[in-house]
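Reader: I would like to learn how to read a few features of a model like this one. Could we go through them one at a time?

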Amino acid sequence: MHPDLEKVLITEQELEERIKELGEQISRDYAGKEILVVGILKGAMIFLADLVRSITVPTYFDFMAVSSYGAGARSSGVVRILKDLDRPIEGRHIIIVEDIVDTGLTLNYLVQNLQARNPASLKICTLLDKPSRREVEVTIDYNGFSIPDEFVVGYGLDYNERYRNFPSIGVLKREVYVK
Ligand code: IMP
């Protein structure tokens, strides 16, 4: 284990099994339809790559990049679009794929923004949920794991752009981000 980690919270095997279940559930729910998964960069990249490989309905990708945290570990509440979708989504079945829902501010903004573009449907799939931190209500349709209020990294999630490549999800030692 990396010395900056306090512990591993979710192992590679647990991730693999749960993500396969999510993909199967999505495939059942959208049987006979096409979906467009909207990945939120950069954190959801690895989750999305694994998730879509267990989805069996026709699946298209697009990506958005938003800034919410800047370089720190706390939400600013300000959401800025750094990269928008490549194409219109009107009349399409959209699943937003996010790494983690914390305060809910980012997704609340994204849902309102994408809903205004008139998709046929809009659902949310997140790998992780920290329900105890919620500031605005967000309806999560697919959730990998609910986790306690700890700062986690790995499997796409970062602290200051570090640790995204770790294969499992770990809790970052407090001394790494509380200086
Ligand atoms: P929210 O707007 O507070 O829900 O924050 C969502 C975003 O904050 C996520 O997409 C992550 O980029 C980031 N975030 C929240 N909690 C964590 C964490 O524990 N580790 C890494 N990133 C986090």
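Reader: Where is K42 found?

Author: This is a predicted model. In it, K42 is found in the loop between β2, residues 35-41, and α2.

Reader: What joins L41 and K42?

Author: The general idea first: most peptide bonds are trans. Here the bond that joins L41 and K42 is cis, with omega about -5°.

Reader: Which sign does phi have at N160, positive or negative?

Author: Again the general idea: most residues other than glycine have a negative phi. N160 is not a glycine, yet its phi is positive, about 50°. N160 sits in the loop between β8 (152-153) and β9 (169-172).

Reader: Now the helices. At what angle do the axes of α1 and α2 cross?

Author: To read a helix pair, take the distance between the axes, then the angle, then the hand. The axes of α1 (residues 12-29) and α2 (residues 45-52) come within 8 Å and cross at roughly 60°. Angles from 65 to 115 degrees would count as roughly perpendicular and those under 35 as roughly parallel, so α1 is oblique to α2. The crossing in which α1 passes α2 is right-handed.

Reader: Next, the ligand. Which residues come nearest to the ligand?

Author: A shell is read by listing the residues around the ligand, then asking where they come from. There are 18 residues around the ligand, and D99, T103, G104, T106 and V152 come nearest.

Reader: Which element supplies the largest share of the shell?

Author: That is β5, with 4 residues. Both β5 (93-101) and α3 (105-115) supply at least two residues of the shell.

Reader: How many residues of each class does the shell have?

Author: The shell has 7 nonpolar, 5 polar and 6 charged residues.

Reader: What lies 2.9 Å from an oxygen atom of the ligand?

Author: For polar contacts, look at the distance and at whether the protein atom belongs to backbone or side chain. A polar side-chain atom of K130 lies 2.9 Å from a ligand oxygen. A polar backbone atom of D102 is also 2.9 Å from an oxygen atom of the ligand. For T106, an N or O atom in the side chain is 2.5 Å from a ligand oxygen.

Reader: How much of the ligand's accessible area does the protein cover?

Author: On its own the ligand has 500 Å² of accessible area, and the protein covers 92% of that.

Conventions. Residues numbered from 1 in each chain as written. Predicted model: local features only at pLDDT ≥ 70, side-chain atom pairs only at ≥ 80, totals over all residues. Heavy atoms only, no water. Near = heavy atom within 4 Å. Polar contact = N/O pair within 3.5 Å; in protein donor to acceptor, adjacent residues only side chain to side chain. Areas by Shrake-Rupley, 256 points an atom, 1.4 Å probe, with all protein chains shown as cover. Nonpolar A, V, L, I, M, F, W, Y, C, P; charged D, E, K, R; others polar. Axes fitted to C-alpha atoms, helices over the stretch in contact; angles between N-to-C directions. Parallel < 35°, antiparallel > 145°, perpendicular 65-115°, else oblique. Left-handed = near helix turned anticlockwise from the far one by under 90°.
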